[in-house]
Amino acid sequence: MSTKRRSRTIEAEDGTLTDRAYRELEEMIVTLQLSPGTVLSEQALAVRLKIGRTPIREALQRLARDGLVVIMPRRGIMVSEINLRLQLRLLEVRRELERLMASLAAERATPEERREFAEVAEAMLAAAAKADDIAFMRLDQRFNILIATAARNEFARRSMGLMNALSRRFWYQHYQEVADLPLAAKLHAAVADAVAQKKVKAAATASDQLIDYIEDFARKTLDT
């Protein structure tokens with residue numbers, strides 16, 4: 001194998017490992033296996049995930065852009081704190097973006113994507129019926145990625161990418177006290193079903209109803 005080809009192969013493998021490291025670390029942070037305020041060690045994470053330090057470092061940089069970790073020069077890397085006021089400001093933006101993306105997805109999704117939206121809706125309701133919070137969280141991430149893809153607007157997709165993980169972590173921290181998992185699943189499923197059926201206005205309305213619930217959920221955490 002030539003040096004140039006070997007270099008490209010190594011880069012591709014590192015990219016794949018970085019994606020894997022990002023997915024695994026993101027889930028660990030979102031599900032509070034790595035709690036807010038935890039100081040992270042690249043070496044310890046590399047051992048824990050059985051991935052080299054370079055992909056771990058690159059994944060942590062992506063997580064910093066997502067707001068899930070804070071990189072402190074000469075002091076290390078820390079899992080970011082969870083802040084209610086930040087969540088409420090974030091929801092102001094999410095409402096507008098998610099309505100736009102749901103509408104665009106309903107208009108632009110391919111037949112294959114519409115079938116996947118229908119599958120996600122059904123799976124979310126099933127996960128809620130079993131009170132399977134981890135399955136629901138993973139489906140929520142799949143739902144977010146699918147909406148972002150089907151909307152076919154790279155600027156909206158980048159903006160939402162900065163908010164989804166923070167929102168899921170906030171929900172996971174408080175859902176046992178104040179969340180209604182069956183209702184959350186029903187509201188997500190309504191958006192997914194509207195997109196699957198190419199109902200643009202219904203998708204926008206369902207998106208607003210979902211954000212109404214999420215905002216109400218966030219405010220209820222003040223009482224817990």
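Two strands pair when DSSP finds at least two bridges between them. Keep that in mind, because we start with a sheet that rests on such pairing. One caution before we go on: this is a predicted model.

So, the sheet. It is open, it has three strands, and their order is E1-E3-E2. The pairing is antiparallel. Which strands sit at the edges? Strand E1, residues 39–40, and strand E2, residues 69–72. Each of these edge strands pairs on one side only.

Take the two pairings in turn. E2 and strand E3, residues 76–79, run antiparallel and share four bridges. One example: Val69 has Val79 in E3 as its bridge partner. E2 and E3 also make a hairpin, with three residues between them. Look at Arg74 in that turn: its phi is positive, about 65°. On the other pairing, E1 and E3 are antiparallel too, over two bridges. There, Val39 stands opposite Met78 in E3.

Now stay with E3 and look at the side chains. In a regular strand they alternate between the two faces of the sheet. E3 shows this alternation. Ile77 and Val79 point to one face and are buried. Gly76 and Met78 point to the other face and are not buried.

Next, the core. In soluble globular proteins, nonpolar side chains tend to be buried together. Here the largest nonpolar core has 74 residues. Which residues have the most contacts inside that core? Leu25, Ile56, Phe117 and Trp171. Let me open up one of them, Phe117. Set aside its neighbours within four places in sequence, and Phe117 still touches a list of residues that includes Ala105, Phe143, Leu146, Ile147 and Val195.

Trp171 brings us to the rings. The structure holds six aromatic pairs. One of them joins Phe136 and Trp171: the centres are 5.5 Å apart, the planes are at 40°, and the pair is tilted. Why care about the sequence here? Phe136 is in helix H6, residues 133–151, and Trp171 is in helix H8, residues 164–178, so the pair ties together parts 35 residues apart in sequence. Are these two rings buried or exposed? Phe136 is at 2% relative accessibility, so it counts as buried. Trp171 is at 11%, and it counts as buried as well.

A second pair is Tyr172 with Tyr175. Their ring centres are 5.6 Å apart and their planes are at 45°, so this pair is tilted. Both tyrosines belong to H8, three residues apart, which puts about one helical turn between them. Tyr172 has 17% relative accessibility and Tyr175 has 12%; under 20% means buried, so both count as buried. Ring pairs join Phe136, Trp171, Tyr172 and Tyr175 into a cluster.

One more ring, with a charge this time. The charged end of Arg62 sits over the ring of Tyr22, 4.0 Å from the ring centre.

Last stop, helix H10, residues 200–220. How far should its 21 residues span? At 1.5 Å a residue, the answer is 30 Å; the end C-alpha atoms are 31 Å apart, so the two agree. H10 has a set of buried residues, among them Ala203, Asp208, Leu210, Ile214 and Phe217. What do the buried residues pack against? Helix H4 (84–108), H8 and helix H9 (181–196). H8, remember, is the helix that holds Trp171.

Note on methods. Residues numbered from 1 in each chain as written. Predicted model: local features only at pLDDT ≥ 70, side-chain atom pairs only at ≥ 80, totals over all residues. Heavy atoms only, no water. Phe/Tyr/Trp six-rings, centres within 6.5 Å; stacked < 30°, edge-to-face > 60°. Buried < 20%, exposed > 50% of the residue type's maximum accessible area, 1.4 Å probe, protein only. Lys NZ or Arg CZ within 6 Å of the ring centre and 35° of its normal. Core = buried A, V, L, I, M, F, W, Y, C linked by side-chain atoms within 4.5 Å. Contact = heavy atoms within 4.5 Å. Expected span 1.5 Å × (residues − 1).
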